[in-house]
Amino acid sequence: MVDTTKGGMLFKIKTLAIKSKGIDMTNIEDSKENFDTCMKGNCNECPSFPGEKGEGLYCAKGASKASVEKRGCNCPECPVWINNGLSGMYYCIKGKAE
Ligand code: SF4
Ligand code: SF4
């Protein structure tokens, strides 16, 4: 159904603007499977990985509690990133994809 309300139109315009900037519009599932994928050679082997206990899957869970220095980001090689059509990086700093 087409949403013709003012709010609906505004949402569509914002969505188009965000997509054209290459910003993620996907909520990543906060699952054990995705966490395990993240921690099998992706975030855990990244030169920027803050290494805080229990952390990972930043694209679904949000940013690290630690202060992170950018030294490269493994996200574009990660199956979670690829399978969900993500386009961002440094979720440990910026927070979750949405
Ligand atoms: S989100 Fe990117 S930069 Fe941060 S630890 Fe994971 S792979 Fe590295
Ligand atoms: S996209 Fe990045 S933050 Fe998300 S699971 Fe993969 S490596 Fe971790």
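Is K61 buried, exposed or partly exposed? K61 comes out as partly exposed, because 19 other C-beta atoms lie within 10 Å of its own. The scale behind that word runs like this: a residue with 20 or more other C-beta atoms within 10 Å of its own is buried, one with 12 or fewer is exposed, and anything in between is partly exposed, with the C-beta atoms placed from the backbone.

Before going further, a word on what you're looking at. This is a predicted model, where local features need pLDDT of at least 70 and side-chain atom pairs count only at pLDDT 80 or more, while totals for chains, interfaces and linings use all residues. Residues are numbered from 1 along each chain as its sequence is written, and chains are lettered from A and ligands numbered from 1 in the order in which they are written.

How far can you trust it? The pLDDT, which is the predictor's confidence in each residue on a scale from 0 to 100, averages 85 over the chain, and 78% of the residues reach 70 or more. Residues 1-5 stay under 50, and the model gives them one contact beyond four places in sequence. Residues 10-20 are also below 50, and that stretch has four contacts beyond near neighbours in sequence. A contact here is a pair of residues whose C-beta atoms, placed from the backbone, lie within 7 Å.

Now the overall layout. The chain has five helices and zero strands, so helices and strands are worth pinning down: they are DSSP runs, with H or I over at least four residues for a helix and E over at least two for a strand, numbered from the N terminus. Walk along the sequence and you read α-α-α-α-α. Of the 98 residues in the chain, 24% are buried. Take the contacts with a separation of 6 or more, and 62% of them join residues 24 or more positions apart.

K61, from the opening, sits in helix α3. Leaving out residues up to four places away in sequence, K61 touches D30 and K96. D30 is 31 residues away along the chain, yet the two C-alpha atoms are separated by 6.6 Å.

Helix α3 also matters to the largest nonpolar core. A nonpolar core is a set of buried Ala, Val, Leu, Ile, Met, Phe, Trp, Tyr and Cys residues joined through C-beta atoms within 7 Å. This one has 18 residues, and Y58, C59, V80 and Y91 touch the most other members. Helices α3, α4 and α5 (91-94) each supply at least two residues of the core, and α3 gives the largest share, three residues. In soluble globular proteins, nonpolar side chains tend to be buried together. Y91 shows the links nicely: beyond its neighbours within four places in sequence, Y91 is in contact with Y58, C59, C75, K96 and A97.

On to the ligands. Near a ligand means that a residue's C-beta atom, placed from the backbone, lies within 6 Å of it. Ligand 1 has 13 residues around it, with C43, C46, C73, N74 and C92 closest. By class, that shell has ten nonpolar, three polar and no charged residues. The classes go as follows: Ala, Val, Leu, Ile, Met, Phe, Trp, Tyr, Cys and Pro are nonpolar, Asp, Glu, Lys and Arg are charged, and the others, Gly among them, are polar. Ligand 2 has 14 residues around it, and C38, N42, C59, C75 and C78 come nearest. Helices α2 (32-38), α3 (58-61) and α4 (79-83) each give two or more residues to this shell, which divides into eleven nonpolar, three polar and no charged residues.

C43, from the ligand 1 shell, lies in the loop between α2 and α3. C43 counts as buried because 27 other C-beta atoms lie within 10 Å. Its contacts, setting aside residues up to four places away, are C38, F49, G56, Y58 and N74. C43 and L57 are 14 residues apart in sequence, with 7.6 Å between their C-alpha atoms.

L57 is in the loop between α2 and α3 and is buried, with 25 other C-beta atoms within 10 Å. Its phi is positive, near 45 degrees, in a residue other than glycine. Y90, in the loop between α4 and α5, has a positive phi of about 55 degrees and isn't a glycine either. Most residues other than glycine have a negative phi.

Definitions and conventions: Contact = placed C-beta atoms within 7 Å.
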